[in-house]
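Visitor: Hi! I've got a protein structure to look at and could use some company. Can we go through it together?
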Amino acid sequence: MIVPPLFSPIPPAIHPQHAELDMRTAVWAQAHKIGSDELRRRLVQHQIGTFAARVMPYGREEVVSLMADFVLWLFGVDDGCCEEGDLGQRPGELAGTLQRLLRVAQNPEAPLLLDDPLADGLRDLRTRIDMYGTASQAARWVGHLREYFFSVVWEASHRSSGTVPSLTDYTLMRLYDGATTVVFPLLEMAHGYELQPYERDYRAVRAAEEMASFVITWDNDILSDHKERAGHGYYLNVLRVLEAGGLAPQEAMTTAIAQRDRVLLAFDRLAGHLSTVGSPQMRQYMAGLRHFIRGSQDWGVSSVRYTTPEDPAGLPTVFTDTPTDDTAEPLEIDAVSWWWDVVPAAPTPVRPHATARSKRERLVRAP
């Protein structure tokens, strides 16, 4: 199927060292022997350093490099263990393997998996997380890694039985198995700040994060559909879920695009509101989520991971300013319909002389 130009209200940006970052990540992958030789050869062609450079265009180079290596490591787990490896068909054994890796992330000094390349790479990543992040950020990174591991075991259970989940269940788990949440602490580390607890715990901030995850993973499903359909074995994405619900392939594509357009519009309003009423750290965090969304889009339409030059996918080369669905009503997906409860109906006017205290009060009282 041909994917039409996707709606994006976020301008593109890229870190000036993107080419160097690609080379560094290729060297890192080889040094730690991530994945099989064949998988590693493919991964280093995917311009994962450029992906990180698009997500963190103004970030500290050391943290952008850390993210690039981490994303390649995640592909080593996802492609090597889950999608292409035998463990992807054995959820119980996969859970055990991932739990041991999680212990390495929690306690890299633990004498576990000492000859395992993924564990070796993970120890290096954790050392750098501690170097550039706070203890709280490191703990959140490990916690989000646990969410990701849990969700890929869930996916493996469907892979082993050849079943397709409901749209609600798929939406809920896709918020985590896309590994978007594991990147969130790195967005802060890249700019040397930490979101304050009173803001992090705000319900609207979680909604903004989940909306960003939704758009990023829906875009990934749409842009990777050609690659996945042409592959061997089981695949699972939102288009397949919608088709299992009775839609024809083109109808599923149209529906998925409309869903991500509606969520992206809601995210844009909510992120704008939070940037206005929040602290400088909140504004930086919302900017980070925006770059994450747009960076994923730009990489998705340009990386050979999805363009598949040997069997060209019909992906767009430009984006559009016009959404296919500008409805302000919630999606009819129970797991996420609450997002719209915290989306302001209209932009909040800027108050240039607001004090830090008044900003905090308005943030807490905001819808």
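Visitor: Let me start with one residue: is leucine 125 buried or exposed?

Guide: Leucine 125 is buried, because its relative accessible area is 0%. One thing to keep in mind as we talk is that this is a predicted model.

Visitor: Which helix is leucine 125 found in?

Guide: Leucine 125 belongs to helix α6, which covers residues 117–132.

Visitor: And what is leucine 125 in contact with, leaving aside its neighbours within four places in sequence?

Guide: Its contacts are Trp28, Leu66, Asp69, Phe70 and Trp73. Take aspartate 69: it is 56 residues from leucine 125 in sequence, yet the two C-alpha atoms are 7.8 Å apart in space.

Visitor: Trp73 is on that list. What does tryptophan 73 touch?

Guide: Not counting residues up to four places away in sequence, tryptophan 73 touches Trp28, Ile34, Leu101, Leu118, Gly121, Leu122, Leu125, Leu145 and Phe149.

Visitor: Now the nonpolar core. Which residues in the largest one touch the most other members?

Guide: Those are Trp73, Leu145 and Trp339, in a core of 115 residues. Helix α4, residues 61–83, supplies the largest share of this core, with 13 residues.

Visitor: Let's zoom out. How many helices and strands does the protein chain have?

Guide: The protein chain has 16 helices and two strands.

Visitor: What is the radius of gyration of the chain, and what would a compact globule have?

Guide: The protein chain has 20 Å, and a compact globule with 367 residues would have a radius of gyration near 21 Å, so the two agree. Along the principal axes, the C-alpha trace spans about 55 × 50 × 40 Å.

Visitor: How much of the chain is made up of buried residues?

Guide: Buried residues account for 55% of the 367 residues. As for the outside, the accessible surface comes to about 15400 Å², and 54% of that belongs to carbon and sulfur atoms.

Visitor: And how many positive and negative side chains are there?

Guide: There are 36 positive and 48 negative side chains, and the centres of the two sets lie 6 Å apart.

Visitor: Back to contacts. What share of them join residues at least 24 apart?

Guide: That share is 77%, among contacts between residues at least 6 apart in sequence.

Visitor: Switching to helices, how many residues of α3 are buried?

Guide: Eight of its eight residues are buried, so to put it in words, helix α3 (residues 48–55) is mostly covered. Among them are Ile48, Phe51, Arg54 and Val55.

Visitor: What about methionine 56, where does that lie?

Guide: Methionine 56 lies in the loop between α3 and α4. With a relative accessible area of 2%, methionine 56 is buried.

Visitor: Which residues is methionine 56 in contact with, apart from neighbours within four places in sequence?

Guide: They are His15, Val63, Val64, Met67, Leu186, Leu187 and Ala190. Alanine 335 offers another distance to look at: it is 279 residues from methionine 56 along the chain, and their C-alpha atoms are separated by 29 Å.

Visitor: I also saw tryptophan 141. Is that one buried or exposed?

Guide: Tryptophan 141 is buried, because its relative accessible area is 0%. You will find tryptophan 141 in helix α7, residues 135–161. Beyond its neighbours within four places in sequence, tryptophan 141 has contacts that include Phe70, Ala105, Leu122 and Pro185. The C-alpha atoms of tryptophan 141 and alanine 105 are separated by 9.1 Å, with these positions 36 residues apart along the chain.

Visitor: Last topic: backbone angles. What is the phi of leucine 113?

Guide: Leucine 113 has a positive phi of about 50°, although it is not a glycine. Leucine 113 lies in the loop between α5 and α6. Its relative accessibility is 27%, so leucine 113 counts as partly exposed.

Visitor: And what phi does alanine 179 have?

Guide: Alanine 179 has a positive phi of about 60°, and it is not a glycine. Alanine 179 is found in the loop between α8 and α9.

Visitor: Why does alanine 179 count as buried?

Guide: Alanine 179 counts as buried because its relative accessibility is 8%, and buried means under 20%. Not counting residues up to four places away in sequence, alanine 179 touches Leu74 and Tyr148.

Key:
Residues are numbered from 1 along each chain as its sequence is written. This is a predicted model: local features need pLDDT of at least 70, side-chain atom pairs count only at pLDDT 80 or more; totals for chains, interfaces and linings use all residues. Side-chain values use heavy atoms; hydrogens and water are left out. Helices (H or I, at least four residues) and strands (E, at least two) are DSSP runs, numbered from the N terminus. The radius of gyration is taken over C-alpha atoms; the globule rule is 2.2 Å times the number of residues to the power 0.38. Buried means under 20% relative accessible area, exposed over 50%, partly exposed in between (1.4 Å probe, protein chains only). Contact means heavy atoms within 4.5 Å. Accessible areas come from the Shrake-Rupley method with a 1.4 Å probe; for residues, only the protein chains shown count as cover. Lys and Arg count as positive and Asp and Glu as negative; His and the chain ends are not counted. The place of a charge is taken as NZ of Lys, CZ of Arg, CG of Asp or CD of Glu. A nonpolar core is a set of buried Ala, Val, Leu, Ile, Met, Phe, Trp, Tyr and Cys residues joined through side-chain atoms within 4.5 Å.
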